[in-house]
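Student: Please take a close look at one part of this model, the largest pocket. What lines it, and how is the sheet elsewhere put together?

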Amino acid sequence: MIQLSESAQAHFRRLIEREALPGLGVRLSAMHPGTPRADVRLEFAEPADLTGDEWAIDCDGFTLWIEGASASYLDAAEIDYVQQATGGQLQIRAPKIKGEAPAETASLVERVRWVVEHEVNPQLAQHRGHVGVEEVTADGVVYLRFGGGCHGCGMADVTLKQGIEKTLLTRVPGVTAVRDATDHATGAAPYIPRDAA
């Protein structure tokens, strides 16, 4: 499941020995798994800190606990400790932490949501914006609701037609059109005010 190199084990062992707490181990969990913001959290944990759903991996001199809900996202993760000229560095690679794109056989809604969350919204976040999928009709029309800096933005139409719609039409077979379901007049903090665009 998880590959923990000898150098990483030696590094953890040294740190744990310094603490001199009985049963001290290391807990690994996924933060915001299945999303573009996914990351790993690595922390020391005593037996009293455990919730009971962790998976235990016995290492030489300590236990690595994997949070139960994170296990599928951390499958095939690799933890290594690399010595460099400026000191050591812990490296964690978790290829499944951001989730896996739905198969072509998945519903149109699932495939649209995946592309919106993993490709469209990271781009919009650069302008403090995001979109949410309101509806996907039976004939493939996607209705989106703009939020954040995109709500009320004077460039929302351009973003919709030249960015989001092109992306969804190209990346998600079955999408026929993309429409805006947002009342832009209610936008409180647009990236570019509509009267300035």
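Tutor: A definition comes before the pocket. Ala, Val, Leu, Ile, Met, Phe, Trp, Tyr, Cys and Pro count as nonpolar. Asp, Glu, Lys and Arg count as charged. The others, Gly among them, count as polar. Note also that this is a predicted model.

Now the pocket. The largest one has a volume of about 300 Å³. It is lined by 17 residues. Closest to its centre are Gln123, Leu124, His127, Thr159 and Gly163. Two elements each give two or more residues to this lining: helix H3 (108-124) and helix H4 (156-171). H4 supplies the largest share, 6 residues. By class, the lining holds 9 nonpolar, 7 polar and 1 charged residues.

Next, the sheet. It is open and has 4 strands, in the order E3-E2-E5-E4. The pairing is mixed. Strand E3 (39-45) and strand E4 (55-59) are the edges, and each pairs on one side only. From one strand to the next, the twist averages 20°.

Take one pair of strands from that order. Strand E2 (residues 25-31) and strand E5 (residues 62-66) run parallel, joined by 3 bridges. Val26 stands opposite Leu64 in E5.

A helix also meets these strands. Helix H1 (residues 6-19) lies across E2, E3, E4 and E5. Its direction is at about 110° to E5.

Key. Residues numbered from 1 in each chain as written. Predicted model: local features only at pLDDT ≥ 70, side-chain atom pairs only at ≥ 80, totals over all residues. Heavy atoms only, no water. 1 Å grid on protein atoms, 1.4 Å probe; cavity = no way out; pocket = protein on both sides within 12 Å on 5 of 7 lines; lining within 4 Å. Points joined across faces, edges and corners; volume = space filled by probe spheres on them. Pairing = 2+ DSSP bridges. Axes fitted to C-alpha atoms, helices over the stretch in contact; angles between N-to-C directions. Contact = heavy atoms within 4.5 Å.
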